[in-house]
Amino acid sequence: MNEKLVLYPGSVTLDQLCQFYRNDPEIHLHESCKNRVDAAAHIVQQAAAGDEAVYGINTGFGKLASTRIPAEQTTQLQRNLILSHCCGVGEALPVKIVRMVMLLKIISLGRGASGVRWQVIKRLEKFLHIGLSPMVPEKGSVGASGDLAPLAHLTAVLLGEGYAMYKGKTMPASEALKAAGLEPLELGPKEGLGMINGTQVSTALALAALFDSWGLAQTALVSGAMTTDALMDSTAPFRPEIHALRGLQGQIDAAAALRGLLAGSQIRESHRSNDERVQDPYSIRCQPQVMGACLDLLRQIGSTLEIEANAVTDNPIVVIEDGSILSGGNFHAEPVAFAADQCALAIAEIGSITERRIAITVDPAQSFGLPAFLSPDPGLNSGFMIAEVTSAALMAENKHKAMPCSIDSTPTSANQEDHVSMACHAARRLQAMNQNLASIIAIELLTSVQGIEFRAPIETSPPLLKVMQVVRERVKRLENDRYLADDIARVKEMVMKRDIILAIEDDDLLPLL
């Protein structure tokens, strides 16, 4: 964690969020936001000591909003809120996700509209600096009013309650704070509500999925280009004139990437004339259209999530310009739920077209001279027969997982919170979908590399030769049948770590988010 990242709440970019996710730099909130934070906290403290009922400051919560709380009990009110909302279940969210949640909470609170004190924000920042990560169960949020249960588990650690990961060990939060030389915080008026009313868990999960999905989309363009060459298919459908006439930027970018990846291929040049085929299957010919649509969708998702990452999404909101404390509904995560559902569609479609290319490559009726299932000795050996079946199973599973979550809702909190977004599990399922997609792409890399090698002595393009080299450094050529699960796992790991992208990074061929 040598890099440093200075954040300006309200202006944090998608690139900065991706940098944090991938490289984990040391972050610092710019001090310029402190005055707004202090001003909002002062307004809340005045309201807590006043006679007027203000939701969440001197009242109960949800259906209990009409219950007035005396000034001397407002601190206890916030503590009770956190402990009562710690009802999450399931496995703990990955530390990487929890750290993103804390970052997003810091950004949101730093806008100076939540009414929390500066020391609460700095404590979260301290957790990031020292590597103290609350244990947050993955299930329990319906995405409105915010991610209440998971954020309560995160907040509980500030109080010395719940559990945390520190220095590689899971321990009670009180022990983690003691080991880190920190005292538990006592939350002031509205601070508990400011911490748990928000979309940060859903947004963190969606951002992580987006960053991984973009890398997988880039890698699928590479593996798709390799299959195109392995099958000795045409690059004419990638010509820029076709895509300029449609005008969709993602399609234009995808076609440009495919042209660049295949430029200089001896294989391509070897069959420009006297090729009996007139047109290639859609999974080859329509890669720019399908992958381009996915790129456009992912970019749209990025735009939404960048805004949400900078947003104030708790309730009520403090307006320091006139001292108002306004009760609204920014905690409703419908924009994140829609973004997550759209991301699921893109993941499923990338997997769908990739699986089709694998199927063509192993089929001797369609592979233009390649042996059945890419085995040098088919019959005695099954080659990649069942690897293709595995890719089909994963593709089908992702189709089912892509069913929309955002159209679901159920009333909660005695019908006070009667329409919810389901954003949290909409975003959480994307992790599993990306893992499935990475395996599908890994299988295509294995089949396309094997297919290109059958075209020797003529070679593929210089960029794709680099990719073949990094694959063959981890997995040897398939001659006779062997245990293939380890091969798939090794290449999948390369895909998730972006090794394929990094192999051709200097060529500057792949589209950017």
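This report describes the overall fold, one small sheet, and selected side-chain contacts of a predicted model.

**Overall architecture**

The secondary structure of the protein consists of 20 helices and nine strands. With a radius of gyration of 26 Å, close to the 24 Å that the globule rule gives for 513 residues, the protein is as compact as a globular protein of that length. Along the principal axes, the C-alpha atoms occupy a box of roughly 90 × 50 × 45 Å. Of the 513 residues, 55% are buried. When contacts between residues at least 6 apart in sequence are considered, 79% of them join residues at least 24 apart.

**The sheet of strands 4, 6 and 7**

Three strands form an open sheet in the order 4-6-7, and their pairing is antiparallel. Strand 4 (133–134) and strand 7 (169–172) are the edge strands; each has a single partner strand, so one side of each is left without a neighbour in the sheet. In general, the strands of a sheet pair through backbone hydrogen bonds, in either a parallel or an antiparallel sense.

Strand 6, which covers residues 163–166, pairs with strand 7 in the antiparallel sense over four bridges. Within this pairing, M165 stands opposite T170 in strand 7, and A164 stands opposite M171 in strand 7. Strands 6 and 7 also form a hairpin with two residues between them, and K167 in the turn has a positive phi of about 55 degrees.

On the other side, strand 4 and strand 6 pair in the antiparallel sense over two bridges. Here the bridge partner of S133 in strand 6 is M165.

In a regular strand the side chains alternate between the two faces of the sheet. Strand 6 has a covered face formed by A164 and Y166, and an uncovered face formed by Y163 and M165.

**Salt bridges**

The structure contains 22 salt bridges. The following table lists three of them.

| Pair | Closest N to O distance | Relative accessibility |
|---|---|---|
| R79 and E161 | 2.5 Å | R79 29%; E161 28% |
| E479 and R477 | 3.0 Å | E479 40%; R477 22% |
| R490 and D487 | 2.8 Å | R490 29%; D487 3% |

The salt bridge between the side chains of R79 and E161 links distant parts of the chain: R79 belongs to helix 3 (residues 74–85), whereas E161 lies in the loop between helix 6 (148–158) and strand 6, 82 residues apart. R79 is partly exposed, and E161 is partly exposed as well.

The salt bridge between R490 and D487 lies within one helix. Being three residues apart in helix 19 (residues 485–496), R490 and D487 are separated by about one helical turn. R490 counts as partly exposed at 29% relative accessibility, whereas D487 is buried, with a relative accessible area of 3%. Elsewhere, salt bridges that share partners join E453, R472, R477 and E479 into one network. Within that group, E479 forms a salt bridge with R477; E479 is partly exposed, and R477 also counts as partly exposed.

**Aromatic rings and charges over rings**

A search of the whole structure finds one aromatic pair. The rings involved are those of Y21 and F211, which form a tilted pair with 5.8 Å between centres and 40 degrees between the planes. This pair also links distant parts of the chain, since Y21 is in helix 1 (residues 14–23) and F211 is in helix 9 (residues 200–230), 190 residues apart. Y21 counts as buried because its relative accessibility of 9% is under 20%. F211 is likewise buried, at 1% relative accessibility.

Y21 takes part in a further contact: K96 lies over the face of Y21, at 4.3 Å from the ring centre. In another contact of this kind, the charged end of R277 sits over the ring of F368, 3.6 Å from its centre.

Technical notes: Residues are numbered from 1 along each chain as its sequence is written. This is a predicted model: local features need pLDDT of at least 70, side-chain atom pairs count only at pLDDT 80 or more; totals for chains, interfaces and linings use all residues. Side-chain values use heavy atoms; hydrogens and water are left out. Two strands pair if DSSP finds at least two bridges between them. A salt bridge is a side-chain nitrogen of Lys or Arg within 4 Å of a carboxyl oxygen of Asp or Glu. Buried means under 20% relative accessible area, exposed over 50%, partly exposed in between (1.4 Å probe, protein chains only). Rings of Phe, Tyr and Trp (its six-membered ring) pair if their centres lie within 6.5 Å; planes under 30 degrees apart count as stacked, over 60 as edge-to-face and the rest as tilted. A charge sits over a ring if NZ of Lys or CZ of Arg is within 6 Å of the ring centre and within 35 degrees of the ring normal. The radius of gyration is taken over C-alpha atoms; the globule rule is 2.2 Å times the number of residues to the power 0.38. Contact means heavy atoms within 4.5 Å.
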